[in-house]
Every structure is written in C-alpha cells, then in structure tokens.
Amino acid sequence: MSSWIESFFSSLESLLNQASSMAVEALLRAAWIACTLPLLAALITFPKINAFRHFVLQLAVRGKIMDSSSRKFTIPQKYFCHFYIVGVIWTTFLLVTTWIYAYKTTAIVSESSLYSSIASQLTGVSHELSLHKSHSSVVDYKYGIWKSVFLLLLMEAQILRRLIESIYVFKYSPSARMHIAGYLTGLFFYTAAPLSLCCTYSMEVFKLVANLLVEFIVKGKDRMQVTELSFWGHVYPLLQLKWYEWIGAAFFLWGWIHQLRCHAILGSIRENGHKVDEYAIPEGDWFEYVSSPHYLAEFVIYGGLVIASGFYDITIWLVFVFVVANLSLAAGETHKWYIHKFDNYPRNRYAIIPFIY
C-alpha cells in the first residue's frame with residue numbers, strides 16, 4: 001500500500017512539474033508576442049497608424065538616429081553593457097545547471113539496470129524522467145536536454161563576445177542616448193532569450209539546483225553524495241547531435257564572424273582620427289551591401305539557433321521574429337539617417353537585407 005501511495009504522489013508531483021514547465025513556456029511565448037506585435041505594426045507605412053509608429057520609434061531608436069530634442073526618459077547609450085553583463089551571468093547559470101542536469105540524466109539512462117532506484121541516486125530528476133517516458137522515449141528526452149545545452153553554448157559565445165565589444169570596441173559618444181523603454185527591453189531580451197532555449201526543462205533544472213542546495217545546507221559539503229565526474233561524459237553527448245544542429249551552428253558561426261568584423265569596422269571609425277561626435281561612412285565586409293550589416297549578422301546568428309533547434313520550437317521562432325522586427329525597424333531609421341547625413345552615401349546599399357530592404 002505504501003509503495004502505491006508513494007507512486008501516486010510521485011506521479012502527481014511529475015504532473016505538477018510538467019504543468020510548471022508548460023506555464024513558463026506559455027509565459028515566454030506571450031511575452032515575445034506582446035513585444036513583437038508593436039514592432040511589426042511600426043514597420044507598416046500606413047497613414048492611419050503614423051502616430052503609433054512615431055511613438056514606437058521614439059522608444060526604439062538610440063544613438064545617432066535619436067532626435068536630439070527627444071531626451072526625456074533617456075539614459076546614456078553606454079549602458080548597453082548592462083545587457084551583456086546580465087546576459088553573461090544568467091546564461092552561464094543556465095548553461096552550467098542544465099549541463100549538470102543533462103550529465104546526471106545521461107548517467108541514469110546508461111544504467112538501465114538501476115532505473116528502478118534512481119530516486120536515491122538523483123535528487124529531483126527521476127519523476128520527470130518517468131513522466132516523459134510515458135509519451136516519448138527516455139533517449140529522446142535525454143537528447144532534448146543535450147540540445148538545450150548546445151544552444152546555450154552558442155548563446156554564451158554570442159553574449160560574451162558582445163560584452164567584450166561593449167567594453168573594448170565601441171566608443172559611445174557622451175551625447176549618445178537611448179530611451180529607458182529600450183533599456184528595459186534589452187534587459188528583458190538577454191534574460192528571456194537564454195531561458196527560451198531551455199524552457200522545456202527549466203523547472204526540472206531549477207528543482208535539481210534547489211534540491212542540491214538544500215542537501216548542501218542540511219548535510220554539509222562533506223556528507224553530500226559525490227557524483228563521479230567524467231570529462232568525456234560531459235562532452236561526448238554533444239558530439240552525437242544530429243546534422244541540423246551542426247548546420248545551425250555553422251550558420252551561427254557565419255553570422256558571428258561577420259558581426260565581429262562589422263563591429264570592428266564601426267569601432268575603428270572613431271580610432272582613425274574621427275572625433276567622438278563625428279561620423280564617417282563605414283566601408284568593408286557586408287557594409288558594401290547594406291547600411292546595418294551587424295544587424296543582418298544578428299539575423300543569421302538567431303536564424304542559426306532556429307536551425308539548430310530543429311525548426312519546430314515555437315518559442316525560439318518567436319525570439320527570431322522579435323530580433324528581425326526590432327532590428328529591421330532600427331536599420332530602416334539608420335539607413336535614412338545615413339542618406340540624409342552624407343550626400344555621397346552609396347545609393348546601391350540597402351537598409352539591412354541585400355536587394356530587398
């Protein structure tokens with residue numbers, strides 16, 4: 001009887017954990033949709049919504065394309081680095097904890113003979129595994145976790161590079177400003193985007209962390225159960241990922257490298273004798289085709305994440321659509337600024353997508 005009761009409560013706990021993960025996923029999707037719809041509306045040139053479009057632009061524009069008379073509720077653009085500091089800390093936490101969860105889950109699956117007693121081997125993981133096994137194989141579940149680790153690794157590489165660039169490459173003008181709404185949006189993005197890459201397993205991961213923390217507090221470091229670590233065990237599952245993950249990683253790397261180059265070009269303009277408040281026409285790399293190639297590279301980077309996810313993750317698609325809408329709006333205004341600022345600006349350049357926009 002006691003075993004039946006224990007099994008019942010285990011199943012109930014599993015259902016609650018699954019419901020929590022689904023709630024996190026639903027909230028993220030709702031947030032991405034709510035943030036994207038105004039941007040998509042602002043991209044439409046229609047007389048009846050011009051007032052709304054102007055309002056959204058006032059919140060979204062920054063730096064040189066911001067109207068000097070619109071300084072209310074603005075902060076220095078150099079605060080961009082705050083996005084990346086928060087992003088690096090948060091993404092690193094998600095990466096490390098999800099990697100630990102994936103490793104422990106893999107160890108359990110590989111010891112199938114001990115499957116019935118995994119509750120004593122892994123705090124907070126066995127119930128979720130048994131639940132997911134009811135509608136998909138444990139192997140598929142394990143594979144999904146490692147895919148999340150892979151996506152978080154890519155995101156970590158992106159945000160860490162952006163942090164380094166914000167400190168050492170970009171030299172923001174003292175007069176460069178951004179709206180406080182844009183600042184808050186940036187903080188939201190670099191918190192929600194990494195979580196969107198692993199939200200399917202986030203509650204199980206957080207539960208594991210909480211249980212390990214409680215065990216550490218109650219038992220102390222010396223009395224905690226020690227899990228044997230294996231470097232190969234942490235790396236080998238990543239090498240078993242499917243072909244589309246690696247194609248997505250290749251797209252990601254392609255965009256990553258070009259964004260690095262384009263940011264270096266923008267940063268070098270100020271180094272080559274130009275004053276902080278002066279501007280020059282950037283040239284080289286994708287600047288030969290579009291006015292905002294660093295934004296185009298961002299499309300490629302997040303498009304790579306969509307490919308690496310297998311195309312079917314709606315939450316990651318919503319992240320990508322937000323990036324496209326947000327940067328397309330900014331790129332359009334930047335292109336107009338360049339044309340207005342420089343009489344000799346190349347007329348064959350597009351705003352962000354070659355030969356299209």
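Is Asp 285 buried, partly exposed or exposed? With a relative accessible area of 25%, Asp 285 is partly exposed, because buried would mean under 20% and exposed over 50%. The model in front of you is a predicted one, and Asp 285 is a good place to start walking through it.

Let us first take in the whole chain. The secondary structure comes to eleven helices and two strands. Following the sequence from its start, you meet these in the order α-α-β-α-α-α-β-α-α-α-α-α-α. The protein chain has 357 residues, and 48% of them are buried.

Now back to Asp 285, which sits in the loop between helix H9 (243-271) and H10. Its backbone deserves a look: phi is near 55°, a positive value in a residue other than glycine. The side chain has a partner too, since Asp 285 forms a salt bridge with Arg 261 because their closest N and O atoms are 3.6 Å apart, and the cut-off is 4 Å. That pair links distant parts of the chain, with Asp 285 in the loop between H9 and H10 and Arg 261 in helix H9, 24 residues apart. Arg 261 is partly exposed as well, with a relative accessible area of 45%.

While you are at helix H9, find Trp 243, which lies in that helix. At 61% relative accessibility, Trp 243 counts as exposed. Trp 243 and Ala 308 are 65 residues apart along the chain, while their C-alpha atoms are separated by 8.7 Å.

What about the other salt bridges? Side chains of opposite charge can pair when their charged atoms come close. The count for this structure comes to seven salt bridges. One of them joins the side chains of Glu 25 and Arg 29, at 3.6 Å from N to O. Both residues lie in helix H1, four residues apart, about one turn of the helix. Glu 25 counts as buried at 17% relative accessibility, whereas Arg 29, at 24%, counts as partly exposed.

Helix H11 offers another pair, Glu 333 and Lys 336, whose side chains meet in a salt bridge of 3.5 Å, N to O. These two are separated by about one helical turn because they are three residues apart in helix H11. Glu 333 is buried, with a relative accessible area of 18%, and Lys 336 is partly exposed, with 47%. Elsewhere, Arg 161, Arg 162, Glu 165 and Glu 298 are joined into one network by salt bridges that share partners.

From charged pairs we can turn to a nonpolar part of the surface. A patch of about 1100 Å² is made by Ile 33, Leu 37, Leu 40, Leu 43, Phe 311, Trp 317, Val 321, Tyr 350, Phe 355, Ile 356 and Tyr 357. Two elements give two or more residues to this patch: helix H1 (2-42) and helix H11 (314-341). H1 gives the most, with three residues. Ile 33, for example, has its place in helix H1 and counts as partly exposed at 40% relative accessibility. Phe 311, another member of the patch, is found in the loop between H10 and H11. Phe 311 is partly exposed, with a relative accessible area of 45%, and its phi is near 75°, again a positive value in a residue other than glycine.

Which spaces are left inside and between these elements? Rolling a probe the size of a water molecule over the atoms shows where empty space is left. The structure holds one cavity of 30 Å³ or more, and the largest cavity has a volume of about 30 Å³. Leu 197, Tyr 302, Leu 305, Ile 316, Val 319 and Phe 320 line it. Helix H10 (293-308) and H11 each give two or more residues to this lining, and H11 gives the most, with three. The lining divides into six nonpolar residues, no polar and no charged.

The second largest pocket holds about 540 Å³ of space. It is lined by 25 residues, of which Gly 144, Thr 200, Tyr 201, Tyr 312 and Asp 313 are the closest to its centre. H1 and helix H5 (138-168) each supply at least two residues of the lining, and H5 gives the most, with six. In this pocket the lining residues divide into ten nonpolar, eight polar and seven charged.

Definitions and conventions:
Residues are numbered from 1 along each chain as its sequence is written. This is a predicted model: local features need pLDDT of at least 70, side-chain atom pairs count only at pLDDT 80 or more; totals for chains, interfaces and linings use all residues. Side-chain values use heavy atoms; hydrogens and water are left out. Patches are made of residues with over 30% relative accessible area and no salt bridge: like charges are joined within 9 Å, nonpolar side chains (Val, Leu, Ile, Met, Phe, Trp, Tyr) within 5 Å. Accessible areas come from the Shrake-Rupley method with a 1.4 Å probe; for residues, only the protein chains shown count as cover. Buried means under 20% relative accessible area, exposed over 50%, partly exposed in between (1.4 Å probe, protein chains only). On a 1 Å grid over the protein atoms alone, a cavity is a set of points where a 1.4 Å probe fits but cannot get out, and a pocket is an open set with protein on both sides within 12 Å along at least five of seven lines; lining residues have an atom within 4 Å of a point. Grid points are joined across faces, edges and corners, and a volume is the space filled by probe spheres set on the points. Ala, Val, Leu, Ile, Met, Phe, Trp, Tyr, Cys and Pro count as nonpolar, Asp, Glu, Lys and Arg as charged, and the others, Gly among them, as polar.
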